[in-house]
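Biologist: Before we discuss this model, could you show it to me, and then take me through the reasoning behind the labels you attach to its parts?

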Amino acid sequence: MEESAQSRPEPKYYTPNPSYREKSWMGDYSWTYNEFLKDPEQFWDRIAKKLHWFSEWDKVKEWNYPHAKWFVNGKTNITYNCLDRHVLGERRNKVALIWKGESEDDERVFTYRQLYREVMRFANGLKKLGVVKGDRVCIYMPVIPEQVIAMLACARIGAVHSVVFGGYGAAALNQRIVDAGAKIVITADMAIRRGKSIPLKHTIEEAIIGAPTVEHLIILRRELRTPVEIHSEMEIDFYEVMTDVEPDCPAEVMDSEDPMFILYTSGTTGAPKGIVHTCGGYMVGVYYTTRYIFDVKESDVYWCTADPGWITGHSYVVYGPLSVGATILIGEGTPDYPDAGIWWKMVEEYGVSILYTAPTAIRMFMKMGREWPDKYNLSSLRILGSVGEPLNPEAFEWFYHVIGKAKCPIVDTWWQTETGMHMITTVLGEPMRPGFAGKSIPGVIADVVDKTGKSVPPGTSGFLVIKEPWPAMMRTVYNNEERYIKYWETIPGCYTVGDLAIKGEDGNIMVIGRSDDLIIVSGHNIGTAEVESALVSHKAVAEAAVIGKPDPLKGNTIKAFVILRNTHTPSDRLKNELFYHVRITLGPIAIPSEIEFVDSLPKTRSGKIVRRVLKAKEMGMDPGDISTLDE
Ligand code: PRX
């Protein structure tokens, strides 16, 4: 007994000032959680009623395993709740969006009314181009107000947007446009990064080759001195779309279960999965979590550093914060440009009170040293948030002490593209345990189980699962219903998340990492198969296998093992060519940090590459059972 007590230190907790709980929208966690358990449908019914519906639902939930419908037959439009509700009410002249560009004087501010008008004009422009409810529209833009306007305009008229992160390369973009059958692609001439412009138009031009559904390219021209040429009938200028249109565009009446957007996430095969979210449930889920997990108050200035091209940006830059009527800050810049003080300068200048970011950024700032944040007044901060990968205890401590000055609670939110909304965190006021995301939020039943779905005992690890449907859950994988069903069939009776986790004795959950072939690099999901197929598409490569290697800064880095065709020989030049090839096909986020040329790869007798063995070897660990490997 004594020995185990010695080897296991007492867990460490930080307890926030009780006023956080007392003044929060959520109130007491256990009490609220029990209210939810007593009557889950009533719990969600009460939340949904805080939003505007053109007509209310007949039934809160219809659960037909593994398919759920929420707020059945309810009619709404998320943009009515994000815009009209505020404009018609008290927030007409409240600042909705502040955009900060890279250079000192690059700033644009929109009140709710201004944003509303821009969205309606662009929505009417889309209609003018023939976009109707249900059409898919791809948005491939940098972080600029027009990206948000384009998303909202689609939702306004019931077009299904598919936002593709502006850093993806042509092949990745093409795959997503083709799979969604997009009718329109909205893009910009360039992104700005570290003082340089990065042209986007030629990527788009390449990406729509072999995408016959695309009828128009809408291009936002940022460079006005020498604007990119708009050729052919297919291309049209962003602001041209908005001219000669009616100023008003009433929100399309959407059924609760109509698709709202598709967002592609890396899969374990080469093809990305188009996660489909619907209008009613998603809206309720992001509204609820933004209000109750971030506890957004009228005077808050809320900054989520994610790109709207990821789910974090969809739910917690755009739809959640606007649905609660928050003032949102977005920025196009890079965290260390022009120097590592830029974020902290922005916090001071705009009086940011809620800051939601990713562990990879926190670890980068730790490395740069506390002198950068220490130069600025961060006293406006009230709540800190983290998402995307495990917030390791060292990063937690730094964030808590150096940025939060030991007064701001940290909500380490665990969730996914598929879940649409926060699922696990430490609710404001509850004791925070570094390294542990926390517990299921009220409305969610998460657990750690074994392969058969049985709960693991406290203190042990297993698979993270969700046991009951929730409103913002994905409804299907676009064009791939089979893949959707797999999420619910891997472990009987549960939604399998794909993460490994430890259940603490105190009920807190620590997420360890993926249990499948996804690698989380700087908080971004990268499929090993995606990188492998990008490598194999190069003429020199016969076969490739990719693994994730733990990295103190990025969480993981990618290492690729490559077998060359006999027409090519290993060289540094070829290695660089392969790095470049992955960059242009998939984008910079998927570039391996290392490439090793090898003569063979460990395979099963049926020819499947066993990455686990490569990884063990790389890490100097025992490869485990290798009896099924081919000679
Ligand atoms: O592995 C988990 C990790 O990110 C995965 C989901 O990735 P994605 O769909 O791209 O969404 C990221 C933003 C929500 C999860 O399966 N992950 C996300 N948040 C956390 C996390 N791992 C640990 N702690 C978190 N807070």
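Modeller: Helices and strands here are DSSP runs, a helix having at least four residues and a strand at least two, and both are numbered from the N terminus. Please keep in mind throughout that this is a predicted model.

Biologist: Which helix and which strand each supply at least two residues of the shell around the ligand?

Modeller: Helix 12 (311-323) and strand 27 (509-514) each do so. A residue counts as near the ligand if one of its heavy atoms lies within 4 Å of it, and 18 residues are found around the ligand, with Asp412, Thr413, Thr417, Asp499 and Arg514 coming nearest. By class, this shell has seven nonpolar, six polar and five charged residues.

Biologist: What makes the pair formed by the side chain of arginine 514 and an oxygen atom of the ligand a polar contact?

Modeller: The cut-off for such a pair of N or O atoms is 3.5 Å, and an N or O atom in the side chain of arginine 514 is 2.8 Å from an oxygen atom of the ligand, so this pair qualifies as a polar contact. The side chain of asparagine 525 also has an N or O atom 3.2 Å from a ligand oxygen, whereas glycine 388 uses a backbone N or O atom, which lies 3.1 Å from a nitrogen atom of the ligand. The ligand on its own has 540 Å² of accessible area, and the protein covers 95% of that area.

Biologist: Why is isoleucine 293 called buried?

Modeller: The label buried is given under 20% relative accessible area, and isoleucine 293 has 2% relative accessibility, so the residue counts as buried. Isoleucine 293 lies in the loop between helix 11 (279-292) and strand 16 (301-304). The C-alpha atom of isoleucine 293 is 8.3 Å from that of threonine 425, although the two residues are 132 apart along the chain.

Biologist: Is aspartate 244 buried or exposed, and how do you know?

Modeller: Exposed requires over 50%, and aspartate 244 has a relative accessible area of 78%, so it is exposed. Aspartate 244, in the loop between helix 10 (238-241) and strand 13 (254-255), also has a positive phi of about 55° although it is not a glycine.

Biologist: What makes alanine 406 partly exposed?

Modeller: Alanine 406 has 40% relative accessibility, a value between the 20% and 50% limits, and therefore counts as partly exposed. Its position is in the loop between helix 16 (393-403) and strand 20 (410-412), and its phi is positive too, near 60°.

Biologist: What is the omega of the peptide bond from tyrosine 65 to proline 66, and which form of the bond goes with it?

Modeller: Omega is near 0° and the bond is cis; proline 66 sits in the loop between strand 1 (59-64) and strand 2 (67-72). Tyrosine 337 and proline 338 are likewise joined by a cis peptide bond, with omega about 0°.

Biologist: How many cavities of 30 Å³ or more does the structure hold?

Modeller: There are three. About 50 Å³ of space lies in the largest cavity, whose lining divides into seven nonpolar, two polar and no charged residues. The lining includes Asn77 and Gly158, which are classed as polar because neither is on the nonpolar or the charged list. The second largest cavity has a volume of about 40 Å³, and its lining has two charged residues beside five nonpolar and one polar.

Definitions and conventions:
Residues numbered from 1 in each chain as written. Predicted model: local features only at pLDDT ≥ 70, side-chain atom pairs only at ≥ 80, totals over all residues. Heavy atoms only, no water. 1 Å grid on protein atoms, 1.4 Å probe; cavity = no way out; pocket = protein on both sides within 12 Å on 5 of 7 lines; lining within 4 Å. Points joined across faces, edges and corners; volume = space filled by probe spheres on them. Polar contact = N/O pair within 3.5 Å; in protein donor to acceptor, adjacent residues only side chain to side chain. Areas by Shrake-Rupley, 256 points an atom, 1.4 Å probe, with all protein chains shown as cover. Buried < 20%, exposed > 50% of the residue type's maximum accessible area, 1.4 Å probe, protein only.
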